[in-house]
Structures are given as C-alpha cells and as structure tokens.
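Let's take a walk through a protein together. Keep the structure open beside you, and look up each spot as we get to it.

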Amino acid sequence: AAISAKVVQHNLVAKCCQQDSELSTKYRLHYCTLSRRSLLPPVGGKLAWNGNSTMQLGALSKFKQGIVYCNAASSSTAIPSVEKSDFLKLQNGSDIRGVAIDGVEGEPLTLTEPVTEAIAAGFAGWLLAKKKYVSSKRLRVSIGHDSRISAQKLQDAVSRGLARAGVEVIQYGLASTPAMFNSTLTVNDEFSCPVDGSIMVTASHLPYNRNGFKFFTSVGGLGKPEIKDILERAADIYKNISSDDSKGAEKAALYVKRVDYMSVYASNLVAAVRKAAGNIEKPLEGFHIVVDAGNGAGGFFVDKVLEPLGTITSGSQFLEPDGLFPNHIPNPEDKTAMKAITKAVLHNRADLGIIFDTDVDRSAAVDLSGREFNRNRLIALMSAIILEEHPGTTIVTDSVTSDGLTTFIEKKLGGKHHRFKRGYKNVIDEAIRLNSVGEEAHLAIETSGHGALKENHWLDDGAYLMVKLLNKLASARTSGVGGSSKVLTDMVEGLEEPTVDVELRLKIDQNHSDLKGGSFRDYGEAVLKQLENTVESNAKLLKAPVNYEGIRVSGYGGWFLLRLSLHDPVLPLNIEASSNEDAVKLAHDVLNAVKEFTALDTSALIKFVGV
C-alpha cells in the first residue's frame, strides 16, 4: 500500500515544481530530478545503492501516486578543489557553519552545493555505520530549514547527497530545529515517522549570508566528535565528486517526499497546554499574547499553537519568513530585538510577549508591564516552574550566570545550582551526566535562551520553554490564582539583579610575534594562568572554589569571569557589580593582570576602565 502524507508546498519549492494533474492528489509525494551524476561514491559501509538509478526507481515504484516534477539540479560548472582542512574549518562545536551566499567582502563562499552534497553523504555514511543497517533496509532522513535565502538551494543539495547515498529523503520545508529532532521520535506512518536521522539547515541568528547544519538521531543532537567524523567522510567523498564531475554530468531521477511535519509538532505543543489545564479545549481564551518571530521560522506558533488554545494574537509581528531579517536580528539576547517585542506588548496592551530566534531553539518573553524574561531572569523563572514540579532538583546552567541567580535557586527555591561551561550542548550533556551518577537534574539552560528539559528528551526547544510558561498561565487561571502574566512575574520575586552587567571581548591577534608561533588557545591559557596567579595574591579578590571554565572571581560586591571562547581567538570578560564604580575596580584588576600580553587587544577593557 502507498504511504499517505499530508503535504504543503513551501513557496520556494512551489516556484520550481509543476504538478502532474493526471495523477491522484490523495498521495502527494514529490518526485524530483536532481542532476549532477547518478550516484555518490561509497560513504562507508554498504549503502542501499548499487549505482543503478533504475534499481532505485523500481524499489520506489509503489510511491508513484501524486508525483510532482521539479528541477532541482545543481550547477553544472566545474567543482573547485577543497582540502580536508577546509571541511574541518566548517565545524562550529556541534554544528556546521559556513558562508552560503557570495558577495560580502572578505567572506569567501565556503558552503557550496557540492560541499553540501558531500556533507549530506558523509552524514548518511556515519548514520549507516551507527545504525548498522543491513543492505536491504534503507535509511530515512528528514530535512528542514529556516528562512535564510540560501535555504532552498542547500536543502536540494542535501537531498541529492542523501538520495544518491541510498537514503529515503523526507523534506519538511520551513521548519524549526526542535521539530527536526522530534521527527526522530514521533511514531506516525502517515508522516513517515520516525526517521532514522534528521538535518536542519540553519545558522541560527548569524548574518543572512551564512548557513549551516545541525544533525539529530533519536538519541539527540550530534556532538563535536560526530561532526568531525562527518566532515572527514565528506572531504573524502568530495574528491570523488570532483573527479566524477570532470567526466561530464549525468542526470538521475531521485525521489524526494514532502510532508507537513510542523503540524504534527505544533499539535503536540497544543496538547501539552490543554493537558496542564485539565483538558480544557481553549485554556488561554481571552489571553492576549503577541509573538515576534524575527522573520525566522517561528511564525507557526501564532496560528498553530496560540490560536487553537483560544489566544488573542493581534499585534504579533515579523511572522513572515524573510532571510534578510529586515526588522531586527532574530536573537533573544539582542537588545534591539528585545526592545521590539517589549514595544509590541506595551503598544497592544498584551498579557505576554514571546520572541524566538531564527530556528526556534531559543526564546524569551516579556510580561504585561514590559519586564523582560531573558538571560538570568528567564533561568530564574524556568527554575521556579521546574522546582515546583521537582523539589530539590539540580538546575544546570552555563558559566556566565549571576551570583544572584545562585542565591535565588538555592535559598529561595530550595534547589541546587550547578554552574557549568558555555555551550548549550555542554550544559545539556552535563545534566545528562549528573542524572547518570544519581544527581537528579530536570533543567539545563543557558543565558542565551537555549533551554532543555528532561521531560522533553533533553532537547533545547524554545517553543517548549514557552509552552511551560503557557502551562503556568493556563493552570493558574483554572485554579483561580490569576489571569495575567503577573503570575509569572511573581515567581521571580526576590531575584537579586546587578546594576552593571557587561561583557567585553578581548581578541587575540594570531599573527602577533608574542604568540611565538604557538596557537591562540595556548596563548589564551597563559593569560588565564597569569590572572589566576594575580588573584591569589590579592586579598580583596576570591577565586570561585568550584569552576569549570575560565577564571571566576568575586570581589567588591560583584564578580568577573574571564574565559577562552569555545571556537574563536577571543577571551570574553563578563563583569557584574552593584555599581559602576565596583565594576571598574574589577575590570582594573583584570587589566593589571593581563596588560603584559601584547597580542591581547585590551582596548575595550581600557575604555571601560577609563584609563
């Protein structure tokens, strides 16, 4: 029997596809001609592809109902040489990031279609080895993308790379990163779920010319070692692609299926809120909530989540996908973005404002008075909600959270604050580790707005974080406690917040003679060691007894943290204090400790100190 699927054509795909009107529309599967060559070289292990495109077509003959033909062919121009080192440079922690749109001075194109094809094939090879599939069973991989202008081009390239590696390709079109992970868990034959692996085409809040990939299996997001493995495989595959292309392009017809998985994902969010309110159909009826999607992928939250719950959503803004991000950077940490959602809440006299980043794995909120729930305040709010549900549990955060947050979690809420490293994957993995050794942890969250819950498979999901807030609103109304976002504001009462909160970035000049041929990482570590020695000899400063990243020091009623960036030749310096005078004292002590390191750009620090 044919597999049915609810399909919605994204406008980018619709422009290149022409439906065969003679075929039944009951099963709207897409059939794309994706041409460069008939196959990719082996990607490790025995793939379900023998180099014969007719075999592929025969194996999928049962899917021939409701075919759509589209021209998604890649460029026929010669493929430039790319070294393995160039592939490895695309790694950004547990993601892949690169320049996908040419034309910005000083930013050469690194994420081309051939490179993307090779990366997709590398993932297929890695996944095959991981799953240990027999040759008779085909892997199934879903692909989604955010609103970036290079999204369609890269989605098609990913499809070619996967399909020619013998993988069944399921395209979701415009989607969120959390939904892509969820597609590996959902059990629903109609939507071809669960998939074996998932790829999200996104570069979060980076400029319009960038793009990248995040990868998932049912275990979660891939980590640094897995990304390196995929890129190494891709580099080997790319050499063969270049060789094949020089012999002449050959067209191959490959099947690509399109389904509207976002409807499935959104319906699960709706169900969660209804359940929290005692299975009321419209538990948020009368609430006025505005959403700012920043022209990313988060617009679905209005019509597919809030409105079915009875919410008034007038005044919501920037819901239309636009990869040039014309209104503001879609980033809950960005001051301009937060001002935009705050203004929308106050102008529309809304009960609550919600803002997402580009791919909806981060979020923040604003209450009816315009008070922001982001960074430490969002962590405090989520901690209060989780500790009501799981008294005494450990809250895992990144390294730059405030001392006031620690006091709030431990003294006010009765929980335990475990401050770890920067990087959402680091925070999530640490929470998982704590649980494995018997320390209960239910929340892992960064000041960036990445937040993951144990109940949600440790997925950093901005939409799910906001659902937890909606749950609180709905349950409070049901129990007669309150009917506005004041119930959320009251939950963070008592959180001590600094008067001064700054981050200064001290860059390392990698070409400076003071590095003496060494790496920026070694140089940065030397800077930190010098600071540590200086602090130990200063009676007014106290080094944090437990610290997992950089040097964290208390003094003058505040604190500072100097750490080495995860990926870049930069030492970020975070300072919090109760007054500007105290903040300057802390900064001055740091400056005195590091001023002899001439390859370190301390201009921002000097300016702050006022020397």
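We'll start with a handshake between two charged side chains: Glu 497 and Arg 377 meet in a salt bridge, at 2.9 Å from N to O. Glu 497 sits in the loop between α15 (486–491) and β21 (500–507), while Arg 377 belongs to helix α11 (residues 375–389), so this pair ties together parts that are 120 residues apart in sequence. How buried or exposed are the two partners? Glu 497 is partly exposed, with a relative accessible area of 38%. Arg 377, on the other hand, has a relative accessible area of 18%, and it counts as buried because the cut-off for that is under 20%. One thing to keep in mind as we go: this is a predicted model.

Now step back and take in the whole thing. The protein has 611 residues, and 58% of them are buried. Its secondary structure comes to 18 helices and 25 strands. The protein exposes about 24400 Å², with carbon and sulfur atoms supplying 50% of that area. If you take the contacts between residues at least 6 apart in sequence, 72% of them join residues at least 24 apart.

The salt bridge we began with has company, since the count for the protein comes to 32. Take Lys 425 and Asp 429, whose side chains meet at 3.1 Å, N to O. These two are four residues apart in helix α13 (residues 424–436), which puts about one helical turn between them. Lys 425 is buried, at 18% relative accessible area, whereas Asp 429 is partly exposed at 34%. Salt bridges can also join up into something bigger than a pair: Glu 333, Asp 357, Arg 362 and Arg 375 are linked in a network.

Next, find the open sheet made of five strands, in the order β17-β16-β18-β19-β20. Its pairing is mixed. A quick reminder: strands of a sheet pair through backbone hydrogen bonds, and they can do so either parallel or antiparallel. Which strands sit at the edges here? They are β17 (416–419) and β20 (459–460), each of which pairs on one side only. Further in, β18 (residues 441–445) and β19 (residues 451–453) pair in the antiparallel sense over three bridges. You can spot Ala 444 standing opposite Ala 452 of β19.

Helices pack against this sheet too. Helix α14 (residues 462–478) touches β18, β19 and β20, and its direction makes about 70 degrees with that of β19. Helix α12 (residues 403–412) lies across β16 (394–397) and β17, running at about 150 degrees to β17. Helix α14 also takes part in a salt bridge: Lys 468 of this helix meets Glu 455 at 3.1 Å, N to O. Glu 455 is in the loop between β19 and β20, 13 residues apart from Lys 468. Lys 468 is buried, with just 4% relative accessibility, while Glu 455 is partly exposed at 39%.

Now look for strand β6 (residues 140–145). Six of its six residues are buried, so the strand is largely enclosed by the rest of the structure. In a regular strand, side chains alternate between the two faces of the sheet. In β6, Arg 140, Ser 142 and Gly 144 point one way, and Val 141, Ile 143 and His 145 point the other way. The neighbour to look for is β7 (residues 168–174), which pairs with β6 in the parallel sense over six bridges. Arg 140 stands opposite Glu 168 of β7.

A few loops hold backbone details worth a look. Cys 193 and Pro 194 are joined by a cis peptide bond, with omega about 5 degrees, and Pro 194 lies in the loop between α6 (177–182) and β8 (197–201). Ser 204, in the loop between β8 and β9 (210–217), has a positive phi of about 55 degrees although it is not a glycine. Val 360 has a positive phi too, about 70 degrees, and lies in the loop between β13 (352–356) and β14 (363–367). Ser 204 is buried at 5% relative accessibility, and Val 360 is buried at 0%.

Let's finish on the surface. Ile 149, Tyr 208 and Leu 324 form a nonpolar patch there, with about 270 Å² of accessible area together. Leu 324 is found in the loop between α9 (300–306) and α10 (335–348).

Notes
Residues numbered from 1 in each chain as written. Predicted model: local features only at pLDDT ≥ 70, side-chain atom pairs only at ≥ 80, totals over all residues. Heavy atoms only, no water. Pairing = 2+ DSSP bridges. Contact = heavy atoms within 4.5 Å. Axes fitted to C-alpha atoms, helices over the stretch in contact; angles between N-to-C directions. Patch = residues over 30% accessible without salt bridge, like charges linked within 9 Å, V, L, I, M, F, W, Y side chains within 5 Å. Areas by Shrake-Rupley, 256 points an atom, 1.4 Å probe, with all protein chains shown as cover. Salt bridge = Lys/Arg side-chain N within 4 Å of Asp/Glu carboxyl O. Buried < 20%, exposed > 50% of the residue type's maximum accessible area, 1.4 Å probe, protein only.
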